Amino acid sequence: MLPFRSSGGLFEDVNGTSVQLREVTKRHGATVAVDRLTLDIRKGEFFSILGPSGSGKTTTLRLLAGFEQPDAGEILIEGSPMRGVPPNHRPVNLVFQNYALFPHMTVAKNVAFGLEMKRLSPAEIAPRVTEALEMVRLAGKQDRLPSHLSGGEQQRVALARALINHPAVLLLDEPLGALDKQLRLEMEVELKALQERVGITFICVTHDQEEALTMSDRLAVLHHGRLLQVGTPEEIYTAPASAFVANFIGVSNSLSGRVQEIDGEKALVAVEGIGIIRSHAASGLRAGTAVLVTIRPERLHLSRDPGTDGYQNQMVVGIAKAIYSGNEMHYLLTLPGGQTWKARLPNADGTAKRFSAGESAYLKWRAAETVLLPE
Amino acid sequence: MSPASGSRIPWLVVPSAATLLLFFLVPLALVLTVSFASRGTYGGIEWVVTLGNYTSIADPLYLRIFWRSLWLAGLTTGFCLIMGFPLAYIIARAPTRWQGILLLLVVIPFWTNFLVRTYAWMFILRTEGLLNTILAGLGIIHEPLNILFTDAAVLIGLVYGYLPFMVLPLYAALERLDPSLIEAAWDLYARPIQVFSRVVLPLAKPGVIAGCVLVFIPSLGAYVTPDLLGGARTMMIGNLIQHQYLVVRDWPFGSALSFVLMAGVLAMVLYFLRAGGAKSLS
């Protein structure tokens, strides 16, 4: 790295950290909404905070925006401590869940609000409003009132109203929650593209794992105010750190078992009523430990023929239900031990390879796809 | 007559329409007629048509009473707004289960007769009254304050009497205000005073207009409060009209005063409705 930098100055962190939370705790009455949360969010990344309702994700966002103050711990934005700094003095802007557009102001007035409060001259504001509206593809709608816009358009106004201020961090509270499914899928792509174009750190709070996986560079999973896991979507999807994460990130099949043997990177797990399941072993795993064996529905294979075909696990299962779902078949399987698993198989192979309810089939999967979680 | 043809007449409106016609429009027409008649020598009505009742209102003596009424009603409205807005805001932002109780506290004074409550104010404000006794007891004043039978006493009585009429429409408007709009303005660098002037006040405007109309109009025509708290020195239009009818026994002039007051109020209501308060009054 060069000793001199063209911009940024003293506080521009060498490792590029945008937001730091240090042991942040926030209580609401008797409940701990956020519990000793420590997070580093990098400059220019799309970071999602994922969790069910009541997990503390919205409180975290409100702590960052400055609407609430932490009971303990410290928040730094761009290297500056935020204790006691009110929202109007923070270099962040929030896109509200319900957009919170000012109903008595036109689109242009809404978008210009932040710059007007910063006392920029009308001559400076006008071109930036035009630019911001073009960025969110709303040119020509500047004189409309928010109530005359569709939900998707309202959301883009809310984005423009925040981004026009060039905040260091853009906070988004369930940004796609109020949109219908089709629009949501489009906006996921659009939001990510927008973030890459403006290069601003986005922190997005959501309960929708698909949304978080699609848009984020990294994400954090929160539960009961505690951080369960941070990582890239792939890390979290393929190597969930706990049963909760595995289930929350997507439907996961699971079985309770006990580690019988560890052989280098391989583990053998004994499951009552089923037998031995082969898995790859996470480091630190010891024989005798109670574990949860998990495997994702789309990693399972069904066949009418026995034979390992390179799959290290195989068992005979009953097809309890077969549901046609466009490009996929969804199966409910009854395991030898009586448990129910789900499988999702592509339909591309043609009708000959489909199963119907009442049939038996050989269920197969690779040891490497099995994830062992501490129970 | 078939039921279908009978249903064209909105029968359910008949009782209220008849009541309004008989007890409102007919007396109004009588008052209007009388306002163009002349006063008889001994206080009766002589049916000599004249505009004299209206031209004599231009007398500085009466104009001063009109002006004082407008001034006191305006001050009352202003004080009610300044005091009522924070109160309505606090109630609207209170937890839902508290809002009903707080609103009840605002309207509880209505459960007691207005006349009785005004007498209570006389007891509080008079020279040896509660206020002076307490202030003297605390050593804040050494000479009793002369409040009763002044404009100040009338103002206190009017503000006290009409404050709930300001708080209720303001509450209705502020309760509808989405709190995230306040946070959004704050997040977009607005200082608290700007949050108020740019977001809260414009969105509460229908409530402000409704509250001002509901306070200003009855204050302008107030009779009991200035009569009891203002004494003989502080006369308002209401007292003047009463005086003309019952003391001077000049019914035509009293009728003319009533009509000028009514026309003025009507003009103001129309102005407020055009200013955007139509929604709030309905």
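Student: How many residues of chain A are in contact with chain B?
Tutor: Contact means that the C-beta atoms of two residues, placed from the backbone, lie within 7 Å. This is a predicted model, where local features need pLDDT of at least 70, side-chain atom pairs count only at pLDDT 80 or more, and totals for chains, interfaces and linings use all residues. Residues are numbered from 1 along each chain as its sequence is written, while chains are lettered from A and ligands numbered from 1 in the order in which they are written. Chain B gives 15 residues to this contact, and the count for chain A is 15.

Student: Which element gives the largest share of the side of chain A that touches chain B?
Tutor: Elements are DSSP runs numbered from the N terminus: helices (H or I) have at least four residues and strands (E) at least two. Strand E6 (92–95) and helix H2 (107–117) of chain A each give two or more residues to this side. The largest share is three residues, and it comes from H2(A).

Student: By class, how many residues on that side of chain A are nonpolar?
Tutor: Ala, Val, Leu, Ile, Met, Phe, Trp, Tyr, Cys and Pro count as nonpolar; Asp, Glu, Lys and Arg are charged; the others, Gly among them, are polar. The side of chain A that touches chain B has one charged and five polar residues. Its nonpolar residues number nine.

Student: What distance separates the centres of the two domains of chain A?
Tutor: Chain A is divided into domain 1 (17–246) and domain 2 (254–374), with bounds from an automatic or database domain assignment. Their contact takes five residues from each domain. Taken over C-alpha atoms, the centres are separated by 39 Å.

Student: Why does the largest nonpolar core lie between the domains?
Tutor: A nonpolar core is a set of buried Ala, Val, Leu, Ile, Met, Phe, Trp, Tyr and Cys residues joined through C-beta atoms within 7 Å. Buried means 20 or more other C-beta atoms within 10 Å of the residue's own, exposed means 12 or fewer, and partly exposed is in between, with C-beta atoms placed from the backbone. This core has 89 residues, and A:Leu64, A:Val95 and A:Leu170 are among those that touch the most other members. It lies between the domains because residues come from both domain 1 and domain 2 of chain A.

Student: Which strands are at the edges of the sheet E2-E1-E4-E5 of chain A?
Tutor: Strands pair if DSSP finds at least two bridges between them. This open sheet has four strands and antiparallel pairing. E1(A) is joined by eight bridges to E2(A) and by five to E4(A). Pairing on one side only, the edge strands are E2 and E5 (80–81) of chain A.

Student: Which residue stands opposite A:Arg22?
Tutor: Strand E1 of chain A covers residues 17–28. Its partner strand E4 of chain A covers residues 72–77. In E4(A), the residue opposite A:Arg22 is A:Glu74.

Student: At about what angle does helix H1 of chain A run to E2(A)?
Tutor: Axes are lines fitted to C-alpha atoms, for helices over the stretch in contact, and angles run from 0 to 180 degrees between N-to-C directions. Helix H1 (57–65) lies across E1, E2 and E4 of chain A. Its angle to E2(A) is about 65°.

Student: Is A:Lys43 buried or partly exposed?
Tutor: A:Lys43 lies in the loop between strands E2 (31–42) and E3 (46–50) of chain A. Beyond four places in sequence, it touches A:Gly16, A:Thr17, A:Ser18 and A:Thr201. Because A:Lys43 has 18 C-beta neighbours inside 10 Å, it counts as partly exposed.

Student: How many bridges pair E11 and E12 of chain A?
Tutor: These strands belong to an antiparallel open sheet in the order E13-E12-E11-E14-E20. In E12(A), A:Ala267 is the bridge partner of A:Ile262. Strands E11 (253–263) and E12 (266–271) of chain A are paired by five bridges.

Student: How many strands does chain A have?
Tutor: Buried residues make up 36% of its 375 residues. The C-alpha atoms of chain A fill a box of roughly 75 × 50 × 45 Å along the principal axes. Chain A has eight helices, and its strands number 20.
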